[in-house]
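The following exercises are meant to be worked through with the sequence and the structure side by side. Try each task before reading its solution.

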Amino acid sequence: CTWLVVVSVVLHLPACQGTQELDDESIKTLLSTDRGGMIKFYQPWCGHSTRMKPDWDFLADHFKDESSVFIADVNCQIEESLCTEYHPGGTYPTIL
C-alpha cells in the first residue's frame with residue numbers, strides 16, 4: 001500500500017493592504033484634494049520597483065488611517081499616457 005499524505009499549512013502574517021493604484025481619473029481627483037503624499041511611478045518588469053514594493057506597501061499601511069496623507073502607485077505599463085504627462089523622465093521607480 002502507498003499512502004499519500006497532504007499537509008496544508010496556513011500562515012497568518014500581518015498583511016499590508018498596499019497602495020492605491022491610480023489611473024487618469026483617480027490621479028486628478030487625488031491631486032485636487034488638500035492631501036499631501038507621494039506617488040510612485042513604476043514598471044512591473046523593473047527589478048528596483050519590484051524590490052521596493054514590500055517597503056512601499058508597508059509605508060502605505062502605516063499611513064492608511066491618516067486622512068491628510070496618501071501613498072499611491074502608477075503602473076506605467078498600463079497607464080502610459082498618464083506616465084508621459086506626470087513622469088516624463090522615464091526612470092523607474094520614481095517618487096513624486
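Two residues are taken to be in contact when heavy atoms of theirs lie within 4.5 Å. The model is a predicted one, and every exercise below should be read with that in mind.

**Exercise 1. Describe the order of elements along the protein chain and the arrangement of its strands.**

Step 1. The protein chain has three helices and four strands, and from the N terminus on these elements run β-α-β-α-β-α-β.

Step 2. The four strands form an open sheet with the order 1-3-2-4 and mixed pairing. Its edge strands are strand 1 (20-21) and strand 4, each of which pairs on one side only.

Step 3. Within the sheet, strand 2 and strand 3 pair in the parallel sense over seven bridges, and Phe41 stands opposite Val74 in strand 3.

Step 4. Helix 2 packs on this sheet and touches strand 2, strand 3 and strand 4, with a direction that makes about 160° with that of strand 2. Helix 1 (residues 24-31), in turn, lies across strand 1, strand 2 and strand 3 and runs at about 155° to strand 3.

**Exercise 2. Place Leu22 in the structure, and decide whether Leu22 is buried or exposed.**

Step 1. Leu22 lies in the loop between strand 1 and helix 1.

Step 2. A residue counts as buried under 20% relative accessible area; Leu22 is therefore buried, since its relative accessibility is 3%.

Step 3. Leaving aside neighbours within four places in sequence, Leu22 is in contact with Ile27, Leu30, Ile39, Ala72, Asp73, Val74, Glu79 and Leu82.

Step 4. One of these partners shows how the fold brings remote parts of the sequence together: Leu22 and Ala72 are 50 residues apart in sequence, and their C-alpha atoms are 6.8 Å apart in space.

**Exercise 3. Which residues make up the largest nonpolar core, and which element gives the most to it?**

Step 1. The largest nonpolar core has 11 residues, namely Leu22, Ile27, Leu30, Ile39, Phe41, Phe70, Ala72, Val74, Cys76, Leu82 and Cys83.

Step 2. Helix 1, strand 2, strand 3 and helix 3 (80-86) are the elements that give two or more residues to this core, and strand 3 gives the most, with three residues.

Step 3. As general background, nonpolar side chains in soluble globular proteins tend to be buried together.

Step 4. Phe70, a member of this core, is in contact with Leu30, Leu31, Arg35, Gly36, Gly37, Met38 and Ile39, when neighbours within four places in sequence are left aside.

**Exercise 4. Check the length of helix 2 against expectation, then describe its bend and its buried residues.**

Step 1. At 1.5 Å a residue, the 16 residues of helix 2 (residues 47-62) should span 22 Å, and the end C-alpha atoms are 24 Å apart, which agrees.

Step 2. Helix 2 nevertheless bends by about 45° at Lys53, and a proline, Pro54, follows within four residues.

Step 3. The buried residues of helix 2 are Ser49, Met52, Trp56, Asp57, Ala60 and Asp61, and what covers them includes strand 2 (36-42), strand 3 (69-75) and strand 4 (94-95).

**Exercise 5. Locate the cis peptide bond that joins Tyr92 to its partner.**

Step 1. The bond joins Tyr92 and Pro93, with omega at about -15°.

Step 2. Pro93 has its place in the loop between helix 3 and strand 4.

Step 3. For comparison, most peptide bonds are trans.

Key. Residues are numbered from 1 along each chain as its sequence is written. This is a predicted model: local features need pLDDT of at least 70, side-chain atom pairs count only at pLDDT 80 or more; totals for chains, interfaces and linings use all residues. Side-chain values use heavy atoms; hydrogens and water are left out. The expected span of a helix is 1.5 Å times one less than its number of residues. The bend at a residue is the angle between axes fitted to the seven residues ending there and the seven starting there. Buried means under 20% relative accessible area, exposed over 50%, partly exposed in between (1.4 Å probe, protein chains only). Two strands pair if DSSP finds at least two bridges between them. Axes are lines fitted to C-alpha atoms, for helices over the stretch in contact, and angles run from 0 to 180 degrees between N-to-C directions. A nonpolar core is a set of buried Ala, Val, Leu, Ile, Met, Phe, Trp, Tyr and Cys residues joined through side-chain atoms within 4.5 Å.
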